[in-house]
Amino acid sequence: MDRHSRSRRDLEEGIERDFERNLSYGEYLALDRVLSAQHPRAVPPRHDELLFIIQHQTSELWLKLMLHELSSARELIAADQVQPALKRIARVKHIQHTLTEQWSVLATLTPSEYAEFRHFLATGSGFQSWQYRAVEFSLGNKNADMLRVFAHDPAVRAELERLLHAPSLYDEVLALLARKGHAVPAEVLGRDVTTPYQGHDGVVDVFATIYADPQRYWVEYELAEELVDVEDNFQVWRFRHLKTVERIIGSKRGTGGSSGVPFLRRALDLTFFPELYDVRTRIQDLTPEGYHGETDGGEGR
(Lines give C-alpha, C1' and ligand atoms only; values in the text may rest on other atoms or scores of the structure.)
Protein backbone atom coordinates (compact mmCIF):
# COMPACT_ATOMS: atom_id res chain seq x y z
CA MET A 1 0.00 0.00 0.00
CA ASP A 2 1.59 3.30 -1.10
CA ARG A 3 1.55 6.54 0.83
CA HIS A 4 -1.17 8.03 -1.42
CA SER A 5 -3.63 5.17 -0.84
CA ARG A 6 -3.26 5.49 2.93
CA SER A 7 -4.03 9.24 3.02
CA ARG A 8 -6.89 9.45 0.53
CA ARG A 9 -10.10 7.55 -0.17
CA ASP A 10 -11.33 8.02 -3.72
CA LEU A 11 -15.06 8.20 -4.36
CA GLU A 12 -16.55 5.01 -5.75
CA GLU A 13 -18.11 5.26 -9.19
CA GLY A 14 -21.63 4.59 -7.97
CA ILE A 15 -21.72 7.36 -5.32
CA GLU A 16 -24.36 9.98 -6.14
CA ARG A 17 -22.96 13.41 -6.97
CA ASP A 18 -25.80 15.20 -8.76
CA PHE A 19 -28.26 16.80 -6.37
CA GLU A 20 -29.77 19.32 -8.76
CA ARG A 21 -32.63 16.84 -9.27
CA ASN A 22 -32.09 14.20 -6.56
CA LEU A 23 -32.92 14.46 -2.87
CA SER A 24 -29.85 15.10 -0.71
CA TYR A 25 -29.16 14.17 2.91
CA GLY A 26 -29.36 17.81 3.97
CA GLU A 27 -32.67 18.37 2.20
CA TYR A 28 -34.22 15.22 3.69
CA LEU A 29 -33.26 16.34 7.21
CA ALA A 30 -34.00 20.04 6.56
CA LEU A 31 -30.54 20.80 7.92
CA ASP A 32 -30.69 24.36 6.63
CA ARG A 33 -33.43 25.03 9.19
CA VAL A 34 -32.07 22.79 11.97
CA LEU A 35 -28.54 24.22 11.87
CA SER A 36 -29.74 27.80 11.60
CA ALA A 37 -32.06 27.51 14.61
CA GLN A 38 -29.40 28.46 17.16
CA HIS A 39 -29.61 32.16 18.03
CA PRO A 40 -27.32 33.13 20.91
CA ARG A 41 -28.51 36.36 22.58
CA ALA A 42 -25.52 37.41 24.66
CA VAL A 43 -23.97 40.79 23.86
CA PRO A 44 -21.06 40.64 23.46
CA PRO A 45 -21.17 37.00 22.25
CA ARG A 46 -20.16 34.35 24.79
CA HIS A 47 -18.50 31.15 23.62
CA ASP A 48 -20.46 28.78 25.88
CA GLU A 49 -23.96 29.94 25.05
CA LEU A 50 -24.06 27.73 21.96
CA LEU A 51 -23.50 24.66 24.18
CA PHE A 52 -26.46 25.66 26.35
CA ILE A 53 -28.75 26.16 23.35
CA ILE A 54 -27.80 22.94 21.55
CA GLN A 55 -28.09 20.91 24.76
CA HIS A 56 -31.70 21.98 25.20
CA GLN A 57 -32.66 21.84 21.54
CA THR A 58 -31.42 18.27 21.19
CA SER A 59 -33.24 17.34 24.41
CA GLU A 60 -36.46 18.66 22.87
CA LEU A 61 -35.89 16.53 19.77
CA TRP A 62 -35.47 13.42 21.92
CA LEU A 63 -38.59 14.36 23.90
CA LYS A 64 -40.48 14.63 20.61
CA LEU A 65 -39.45 11.08 19.73
CA MET A 66 -40.29 9.85 23.24
CA LEU A 67 -43.81 11.27 22.92
CA HIS A 68 -44.15 9.57 19.54
CA GLU A 69 -43.19 6.21 21.06
CA LEU A 70 -45.30 6.61 24.21
CA SER A 71 -48.36 7.54 22.18
CA SER A 72 -47.92 4.45 20.02
CA ALA A 73 -47.31 2.22 23.04
CA ARG A 74 -50.49 3.49 24.68
CA GLU A 75 -52.54 2.81 21.52
CA LEU A 76 -51.04 -0.67 21.09
CA ILE A 77 -51.78 -1.65 24.69
CA ALA A 78 -55.34 -0.39 24.29
CA ALA A 79 -55.58 -2.74 21.30
CA ASP A 80 -54.12 -5.70 23.27
CA GLN A 81 -50.94 -5.68 21.15
CA VAL A 82 -48.46 -6.00 23.99
CA GLN A 83 -45.37 -7.23 22.14
CA PRO A 84 -45.06 -4.27 19.73
CA ALA A 85 -45.86 -1.98 22.67
CA LEU A 86 -42.89 -3.46 24.52
CA LYS A 87 -40.69 -2.59 21.55
CA ARG A 88 -41.85 1.02 21.79
CA ILE A 89 -41.15 1.08 25.53
CA ALA A 90 -37.68 -0.40 24.95
CA ARG A 91 -36.93 2.48 22.59
CA VAL A 92 -38.19 4.96 25.20
CA LYS A 93 -35.68 3.50 27.64
CA HIS A 94 -32.80 4.06 25.21
CA ILE A 95 -33.96 7.65 24.66
CA GLN A 96 -33.97 8.14 28.42
CA HIS A 97 -30.38 6.89 28.67
CA THR A 98 -29.33 9.33 25.95
CA LEU A 99 -31.05 12.25 27.67
CA THR A 100 -29.37 11.38 30.96
CA GLU A 101 -25.92 11.12 29.38
CA GLN A 102 -26.39 14.55 27.81
CA TRP A 103 -26.21 16.17 31.22
CA SER A 104 -22.51 15.29 31.34
CA VAL A 105 -21.94 17.64 28.38
CA LEU A 106 -23.77 20.53 30.03
CA ALA A 107 -21.90 19.83 33.28
CA THR A 108 -18.73 21.04 31.55
CA LEU A 109 -20.26 24.54 31.80
CA THR A 110 -18.75 26.22 34.84
CA PRO A 111 -20.62 28.73 37.05
CA SER A 112 -18.41 31.53 35.75
CA GLU A 113 -19.11 30.63 32.12
CA TYR A 114 -22.87 30.39 32.67
CA ALA A 115 -22.95 33.70 34.54
CA GLU A 116 -21.68 35.43 31.39
CA PHE A 117 -24.96 34.84 29.52
CA ARG A 118 -27.55 33.62 32.06
CA HIS A 119 -29.33 36.96 32.33
CA PHE A 120 -29.98 36.88 28.57
CA LEU A 121 -32.36 33.96 29.17
CA ALA A 122 -34.61 36.48 30.97
CA THR A 123 -37.62 34.42 32.18
CA GLY A 124 -36.98 31.48 29.87
CA SER A 125 -36.63 28.15 31.70
CA GLY A 126 -36.71 24.42 31.06
CA PHE A 127 -39.72 24.42 33.39
CA GLN A 128 -41.62 25.78 30.39
CA SER A 129 -40.84 22.79 28.16
CA TRP A 130 -44.31 21.72 27.00
CA GLN A 131 -42.97 18.44 25.65
CA TYR A 132 -41.57 17.50 29.05
CA ARG A 133 -45.01 18.21 30.56
CA ALA A 134 -46.57 16.11 27.80
CA VAL A 135 -44.30 13.19 28.71
CA GLU A 136 -45.29 13.48 32.36
CA PHE A 137 -48.98 13.66 31.43
CA SER A 138 -48.55 10.60 29.19
CA LEU A 139 -47.04 8.65 32.08
CA GLY A 140 -49.70 9.76 34.57
CA ASN A 141 -48.36 12.79 36.41
CA LYS A 142 -51.34 15.00 35.53
CA ASN A 143 -51.52 18.59 36.75
CA ALA A 144 -54.19 20.89 35.31
CA ASP A 145 -52.44 23.94 36.81
CA MET A 146 -49.63 23.44 34.31
CA LEU A 147 -51.96 24.52 31.50
CA ARG A 148 -51.78 28.11 32.74
CA VAL A 149 -48.06 28.22 31.96
CA PHE A 150 -48.90 27.70 28.28
CA ALA A 151 -51.88 30.05 27.97
CA HIS A 152 -49.82 32.21 25.59
CA ASP A 153 -49.67 29.37 23.03
CA PRO A 154 -53.17 28.08 22.20
CA ALA A 155 -51.96 25.13 20.10
CA VAL A 156 -49.64 23.85 22.83
CA ARG A 157 -52.25 24.40 25.52
CA ALA A 158 -54.79 22.45 23.47
CA GLU A 159 -52.39 19.51 23.06
CA LEU A 160 -51.65 19.40 26.78
CA GLU A 161 -55.36 19.61 27.56
CA ARG A 162 -55.96 16.67 25.21
CA LEU A 163 -53.32 14.62 27.06
CA LEU A 164 -54.75 15.73 30.40
CA HIS A 165 -58.10 14.16 29.49
CA ALA A 166 -56.61 11.06 27.85
CA PRO A 167 -55.81 7.85 29.75
CA SER A 168 -52.14 7.59 30.65
CA LEU A 169 -49.93 4.68 29.66
CA TYR A 170 -50.49 3.19 33.12
CA ASP A 171 -54.26 3.63 32.86
CA GLU A 172 -54.16 1.58 29.65
CA VAL A 173 -51.97 -1.06 31.29
CA LEU A 174 -54.43 -1.46 34.16
CA ALA A 175 -57.34 -1.69 31.69
CA LEU A 176 -55.39 -4.39 29.82
CA LEU A 177 -54.91 -6.35 33.06
CA ALA A 178 -58.67 -6.17 33.68
CA ARG A 179 -59.36 -7.49 30.17
CA LYS A 180 -56.98 -10.38 30.88
CA GLY A 181 -59.07 -11.36 33.89
CA HIS A 182 -57.22 -9.67 36.74
CA ALA A 183 -59.31 -8.12 39.52
CA VAL A 184 -58.44 -4.47 38.94
CA PRO A 185 -60.86 -2.47 41.15
CA ALA A 186 -63.72 -0.77 39.30
CA GLU A 187 -62.97 2.57 40.95
CA VAL A 188 -59.48 2.47 39.48
CA LEU A 189 -60.73 1.65 35.98
CA GLY A 190 -63.35 4.41 36.19
CA ARG A 191 -61.20 7.05 37.85
CA ASP A 192 -60.91 10.69 36.75
CA VAL A 193 -57.89 10.50 34.42
CA THR A 194 -57.30 14.26 34.62
CA THR A 195 -55.96 13.83 38.17
CA PRO A 196 -52.60 12.36 39.25
CA TYR A 197 -52.80 8.61 39.70
CA GLN A 198 -53.11 7.49 43.33
CA GLY A 199 -52.02 4.02 44.47
CA HIS A 200 -54.66 1.44 45.38
CA ASP A 201 -54.23 -1.66 47.54
CA GLY A 202 -56.39 -3.64 45.13
CA VAL A 203 -53.91 -2.98 42.32
CA VAL A 204 -51.07 -4.07 44.60
CA ASP A 205 -52.99 -7.33 45.07
CA VAL A 206 -53.16 -7.77 41.30
CA PHE A 207 -49.43 -7.29 40.88
CA ALA A 208 -48.74 -9.55 43.87
CA THR A 209 -50.58 -12.33 42.02
CA ILE A 210 -48.58 -11.66 38.85
CA TYR A 211 -45.21 -11.58 40.62
CA ALA A 212 -46.04 -14.73 42.58
CA ASP A 213 -46.28 -16.71 39.32
CA PRO A 214 -44.22 -15.06 36.56
CA GLN A 215 -44.35 -18.08 34.27
CA ARG A 216 -48.15 -18.13 34.24
CA TYR A 217 -48.43 -14.36 33.82
CA TRP A 218 -45.30 -13.73 31.78
CA VAL A 219 -46.75 -11.02 29.52
CA GLU A 220 -48.08 -9.02 32.47
CA TYR A 221 -44.86 -9.62 34.42
CA GLU A 222 -42.63 -8.43 31.56
CA LEU A 223 -44.79 -5.36 30.99
CA ALA A 224 -44.64 -4.46 34.69
CA GLU A 225 -40.85 -4.73 34.77
CA GLU A 226 -40.53 -2.56 31.64
CA LEU A 227 -42.57 0.13 33.38
CA VAL A 228 -40.31 -0.09 36.42
CA ASP A 229 -37.34 0.47 34.10
CA VAL A 230 -39.00 3.57 32.63
CA GLU A 231 -39.71 5.03 36.07
CA ASP A 232 -36.23 4.18 37.32
CA ASN A 233 -34.67 5.86 34.27
CA PHE A 234 -36.86 8.91 34.79
CA GLN A 235 -35.67 9.24 38.37
CA VAL A 236 -32.03 8.93 37.31
CA TRP A 237 -32.65 11.69 34.73
CA ARG A 238 -34.26 13.90 37.37
CA PHE A 239 -31.38 13.36 39.78
CA ARG A 240 -28.77 14.07 37.10
CA HIS A 241 -30.66 17.23 36.17
CA LEU A 242 -30.73 18.34 39.80
CA LYS A 243 -27.01 17.74 40.32
CA THR A 244 -26.08 19.50 37.08
CA VAL A 245 -28.13 22.55 38.04
CA GLU A 246 -26.67 22.50 41.55
CA ARG A 247 -23.16 22.27 40.11
CA ILE A 248 -23.71 25.28 37.84
CA ILE A 249 -25.92 27.70 39.82
CA GLY A 250 -25.84 26.39 43.39
CA SER A 251 -28.88 27.59 45.36
CA LYS A 252 -29.87 30.46 43.05
CA ARG A 253 -33.50 30.73 41.97
CA GLY A 254 -34.40 29.41 38.53
CA THR A 255 -34.74 31.82 35.62
CA GLY A 256 -38.42 30.86 35.36
CA GLY A 257 -39.11 31.87 38.96
CA SER A 258 -38.87 28.46 40.69
CA SER A 259 -36.77 27.91 43.80
CA GLY A 260 -34.25 26.04 41.63
CA VAL A 261 -32.60 23.03 43.22
CA PRO A 262 -35.21 22.62 46.02
CA PHE A 263 -37.97 22.55 43.39
CA LEU A 264 -36.12 19.88 41.39
CA ARG A 265 -35.44 17.87 44.55
CA ARG A 266 -39.16 17.62 45.34
CA ALA A 267 -39.70 15.97 41.96
CA LEU A 268 -37.67 12.99 43.18
CA ASP A 269 -40.61 12.06 45.42
CA LEU A 270 -43.00 11.75 42.47
CA THR A 271 -43.93 8.32 41.14
CA PHE A 272 -45.84 7.20 38.07
CA PHE A 273 -46.53 3.58 38.96
CA PRO A 274 -46.75 3.37 42.78
CA GLU A 275 -48.07 -0.20 43.05
CA LEU A 276 -45.10 -1.56 41.11
CA TYR A 277 -42.92 -0.46 44.00
CA ASP A 278 -45.39 -1.27 46.77
CA VAL A 279 -45.69 -4.86 45.53
CA ARG A 280 -42.02 -5.50 46.22
CA THR A 281 -42.67 -5.61 49.94
CA ARG A 282 -45.35 -8.25 49.33
CA ILE A 283 -43.14 -10.69 47.45
CA GLN A 284 -42.24 -13.63 49.67
CA ASP A 285 -38.83 -15.28 49.70
CA LEU A 286 -39.05 -18.77 48.25
CA THR A 287 -37.99 -21.71 50.40
CA PRO A 288 -36.00 -24.36 48.47
CA GLU A 289 -38.01 -27.58 48.08
CA GLY A 290 -37.41 -29.93 50.95
CA TYR A 291 -35.71 -27.30 53.09
CA HIS A 292 -37.37 -26.25 56.33
CA GLY A 293 -35.75 -23.04 57.53
CA GLU A 294 -35.09 -22.62 61.24
CA THR A 295 -36.75 -19.79 63.07
CA ASP A 296 -33.52 -18.62 64.69
CA GLY A 297 -29.89 -18.81 63.75
CA GLY A 298 -30.67 -18.20 60.07
CA GLU A 299 -28.54 -15.75 58.10
CA GLY A 300 -26.43 -14.81 61.10
CA ARG A 301 -24.57 -18.11 61.11
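Is A30 buried or exposed? In this predicted model, A30 turns out to be buried, with a relative accessible area of 14%, so it falls under the 20% cut-off for that label. A30 sits in the loop between α2 and α3, and its backbone has a bit of a quirk: phi is near 50 degrees, a positive value in a residue other than glycine.

Next door in the numbering, L29 belongs to the loop between α2 (25–28) and α3 (31–34). With 35% relative accessibility, L29 counts as partly exposed. It also helps make a nonpolar surface patch of about 520 Å², together with L23, Y25 and Y28.

A positive phi turns up at A122 as well, here near 55 degrees, and again the residue is something other than glycine. A122 lies in the loop between α6 (111–115) and α7 (130–139). Its relative accessibility is 53%, so A122 counts as exposed. Another backbone feature to look at is the peptide bond from V43 to P44, which is cis, with omega near 0 degrees; P44 is in the loop between α3 and α4 (49–78).

As for the helices, T100 is part of α5 (residues 82–106) and, at 12% relative accessibility, counts as buried. T100 and I89 are eleven residues apart along the chain, and their C-alpha atoms are separated by 17 Å. Further along, the axes of α11 (residues 201–212) and α12 (residues 218–249) come within 9 Å and cross at roughly 115 degrees, which means α11 is roughly perpendicular to α12. The crossing of α11 past α12 is left-handed.

Methods: Residues numbered from 1 in each chain as written. Predicted model: local features only at pLDDT ≥ 70, side-chain atom pairs only at ≥ 80, totals over all residues. Heavy atoms only, no water. Patch = residues over 30% accessible without salt bridge, like charges linked within 9 Å, V, L, I, M, F, W, Y side chains within 5 Å. Areas by Shrake-Rupley, 256 points an atom, 1.4 Å probe, with all protein chains shown as cover. Salt bridge = Lys/Arg side-chain N within 4 Å of Asp/Glu carboxyl O. Helix = DSSP H or I, 4+ residues; strand = E, 2+ residues; numbered from the N terminus. Buried < 20%, exposed > 50% of the residue type's maximum accessible area, 1.4 Å probe, protein only. Axes fitted to C-alpha atoms, helices over the stretch in contact; angles between N-to-C directions. Parallel < 35°, antiparallel > 145°, perpendicular 65-115°, else oblique. Left-handed = near helix turned anticlockwise from the far one by under 90°.
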